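Q: Could you take me through one part of this protein slowly, as if I had never read a structure before? I'd like to see how the pieces fit together.

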Amino acid sequence: MPAALIWATAVNFTPGLITVLVINFSITNINALLSTSLSKSGPVGPVIQIFATATTSLSWTTAISVLLLATFIPCFANTKMAASRQLWAFAEDGALPNSLWIRKVDEKHGVSSNAIALTLIGPITLSLLNLLSPVALNAIISLVIINLMVSYLLVAPTSLYDRCTDGGDTHNEHVYRLTSWRGTAVDAFSIIFITASLVIAMFPPVAHPTAQEMNWAVVLFRGDCLIGGLLYFFDGRRSYQCLQDTTLR
């Protein structure tokens, strides 16, 4: 594997783990923390309440919260650019509805302006659902998480099958591979972990949920699969151009 991936993972995982451990061992009364009006104000409320409890100062709480929000700006830019690049790549292969418009590149600036616009307008529009129905927004967020897990679950078994059947080009120096049993162990663990996580993600947060507490992502996922299947049957199977191995190399 590339050393950059290993070091990036280690550098990000280590301080994150330390932060989680420090917070968990520093909170003495989790019920008191979650019962405040600030904690109940939204998903970020408990985090800000931790700052307020630790600093006992409104000024310091505001300063730390602003600093935390500022760190999201480069993350947001990086995520949106990566998402727009992936969206453009799918459209380039004809895998999306109206791919010709999505994959259009601005000749003046040399960027995929339509794909970038979609990755910006889409999340902003979905976030407005919180004003109308927080339940709908939570269902869509859960659906996104489930779709992400399913996409991983499609890759891991394919990689495991490739290893077990000795497929692929193992001599290509540009292919990043874990050799021997390490890659097989990682693929097998990934399949088990993602499958368990996928099942858990489809459950509601409480034992006997009401309509407001129900995890509607299960229903949306079925509809998502149905729409995707119909799009492929009526349009995708004719417009999608699968990359050949020679193109990849």
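A: Here is a walk around helix α3 and its surroundings, with a short look at the whole protein before and a second loop after.

Keep in mind that this is a predicted model. The protein has 249 residues, and buried ones make up 16% of them. Its secondary structure comes to 12 helices and 0 strands, so if you read along the sequence you just meet one α after another. The accessible surface is about 18,500 Å², with 70% of that belonging to carbon and sulfur atoms. And if you take contacts between residues at least 6 apart in sequence, 48% of them join residues at least 24 apart.

Now zoom in on helix α3, which covers residues 45-55. A good place to start is Q49, which sits in this helix. Is Q49 buried or exposed? Q49 counts as buried, because its relative accessibility is 12% and the cut-off for buried is under 20%. So what does Q49 touch? Setting aside neighbours within four places in sequence, Q49 is in contact with L33, T36, L38 and S39.

Let's follow one of those partners, T36. You'll find T36 in the loop between α2 (30-34) and α3. T36 and Q49 are 13 residues apart in sequence, and their C-alpha atoms are 8.0 Å apart in space. T36 has a relative accessible area of 22%, so it counts as partly exposed. Its side chain has polar company too: a polar atom of the T36 side chain lies 3.3 Å from the backbone oxygen of L33, and the T36 side chain also makes a polar contact with the side chain of S39, at 3.0 Å. Notice that L33 and S39 also turn up among the contacts of Q49.

Back in helix α3, have a look at V47. V47 is partly exposed because its relative accessibility is 33%. V47 belongs to a nonpolar patch on the surface, together with V44, L68, L69 and F72. Together, these residues have about 430 Å² of accessible area.

Next, move along the chain to the loop between α3 and α4, where T56 lies. T56 is exposed, since its relative accessible area is 69%. What is phi for T56? Phi is near 50°, a positive value in a residue other than glycine. Most residues other than glycine have a negative phi. You can see a positive phi again at N98, where the value is near 60°. N98 lies in the loop between α5 (72-92) and α6, and it counts as exposed because its relative accessibility is 53%.

Then comes helix α4, residues 58-70. S57 caps its N-terminal end, with a side-chain oxygen 3.4 Å from the backbone nitrogen of S59. Helix α4 has 13 residues and reaches 18 Å from its first C-alpha to its last, close to the 18 Å expected at 1.5 Å a residue.

To finish, try a loop elsewhere: S112 is in the one between α6 (99-102) and α7 (113-127). S112 is buried, because its relative accessible area is 13%. Leaving out neighbours within four places in sequence, S112 is in contact with S84, W88, K104 and V105.

Conventions
Residues numbered from 1 in each chain as written. Predicted model: local features only at pLDDT ≥ 70, side-chain atom pairs only at ≥ 80, totals over all residues. Heavy atoms only, no water. Patch = residues over 30% accessible without salt bridge, like charges linked within 9 Å, V, L, I, M, F, W, Y side chains within 5 Å. Areas by Shrake-Rupley, 256 points an atom, 1.4 Å probe, with all protein chains shown as cover. Salt bridge = Lys/Arg side-chain N within 4 Å of Asp/Glu carboxyl O. Helix = DSSP H or I, 4+ residues; strand = E, 2+ residues; numbered from the N terminus. Buried < 20%, exposed > 50% of the residue type's maximum accessible area, 1.4 Å probe, protein only. Expected span 1.5 Å × (residues − 1). Polar contact = N/O pair within 3.5 Å; in protein donor to acceptor, adjacent residues only side chain to side chain. Contact = heavy atoms within 4.5 Å.
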